[in-house]
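Reader: Can you walk me through this one and show how each label is earned?

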Amino acid sequence: MRGTSMRHVVFIGPQGAGKGTQAARVAPMFDLLHLATGDLFRALMAGESDLAAEVRTYYDRGDLVPDELTARVLFAALDERAAGSDVRGALIDGFPRNAAQARVLDEQISARGEVLAAVVHIDVARDVLMRRLTGRLVCRACGATYHREFNPPQVSGVCDLDGGELYVRSDDTEEAVARRLDIYFSETEPLLERWRARGLVRDVDGDQPIDAVTAAIAAAIEPVLGPAGR
Ligand code: ADP
Ligand code: ADP
């Protein structure tokens, strides 16, 4: 790990805004660890354990997994992946989603002597989100995200990066998507006010081509993280 303390970036945006797609591009550019709580839960549920079964009961309905469990899984992954690596910090995607989680994030970051450098708010209108989510495909091996129409893989059903099988997430049903969007707008989006007051929020228009969104995010975080390495 570097001598200086880690500087973290949080991505906030509704389901389908492109957080996962953009994090996979932006994290390597800025030497950040990409930590997505949804990906961590999907990896956990790929195995059979009591914890996996517990997570599944919330996940498949589109409900939030309990805060304490989510924070434990996130910070364990941060410790494990940051150890011995040369990252500047983490790009946290999917956490926090409510006020209790936002408090835990602040407490953890300050207890570790680390910094929340920026909150990137990726915004997209609700009707566009529905179209994106109903065509989403995810690689079973690496978690890379595609879209049947907007970002198709080179070979149908196969990941461009590692040849893994593409599947439709169990919670990308119309019902679970609607439930997740309701939770986002009632519990997650209001958190922006807290970070705006601290001057941390960078607003990015997510309804542009994928490359244009990446460029806008890079331009927004470069002033607080330093120049992109790649
Ligand atoms: P989130 O992580 O915010 O839920 P994803 O990155 O999984 O969003 O993107 C949701 C879906 O929309 C995916 O199928 C993805 O390929 C597609 N997508 C992402 N960004 C764009 C974009 N700028 N334009 C069109 N489709 C996009
Ligand atoms: P989406 O943003 O499309 O809901 P994610 O992959 O980020 O998808 O999350 C999928 C599911 O994982 C959520 O519906 C929820 O059950 C669980 N989850 C992810 N992040 C959190 C979190 N911060 N708190 C509680 N549950 C979470």
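Author: Sure, starting with one pair: F11 has D93 of β3 as its bridge partner. This is a predicted model, where local features need pLDDT of at least 70, side-chain atom pairs count only at pLDDT 80 or more, and totals for chains, interfaces and linings use all residues. Residues are numbered from 1 along each chain, ligands are numbered from 1 in the order written, and side-chain values use heavy atoms, leaving out hydrogens and water.

Reader: What makes β1 and β3 a pair?

Author: Pairing takes at least two bridges found by DSSP, and strands themselves are DSSP E runs of at least two residues. Strand β1 (residues 7-12) is joined to β3 by three bridges, so they pair, and they run parallel. Strand β2 (residues 32-36) also pairs with β3 in the parallel sense, over five bridges, and L35 has I92 as its partner there.

Reader: Why is β3 called largely enclosed?

Author: Buried means under 20% relative accessible area (1.4 Å probe, protein chains only). Five of the five residues of β3 (residues 89-93) are buried, so the rest of the structure largely encloses this strand.

Reader: How do you know that R97 makes a polar contact with ligand 2?

Author: The cut-off is a pair of N or O atoms within 3.5 Å. A polar side-chain atom of R97 is 2.5 Å from an oxygen atom of ligand 2, so this pair qualifies. R42 qualifies too, with an N or O atom of its side chain 2.8 Å from a ligand 2 oxygen, and for R136 the distance is 3.4 Å.

Key
Buried < 20%, exposed > 50% of the residue type's maximum accessible area, 1.4 Å probe, protein only. Helix = DSSP H or I, 4+ residues; strand = E, 2+ residues; numbered from the N terminus. Polar contact = N/O pair within 3.5 Å; in protein donor to acceptor, adjacent residues only side chain to side chain.
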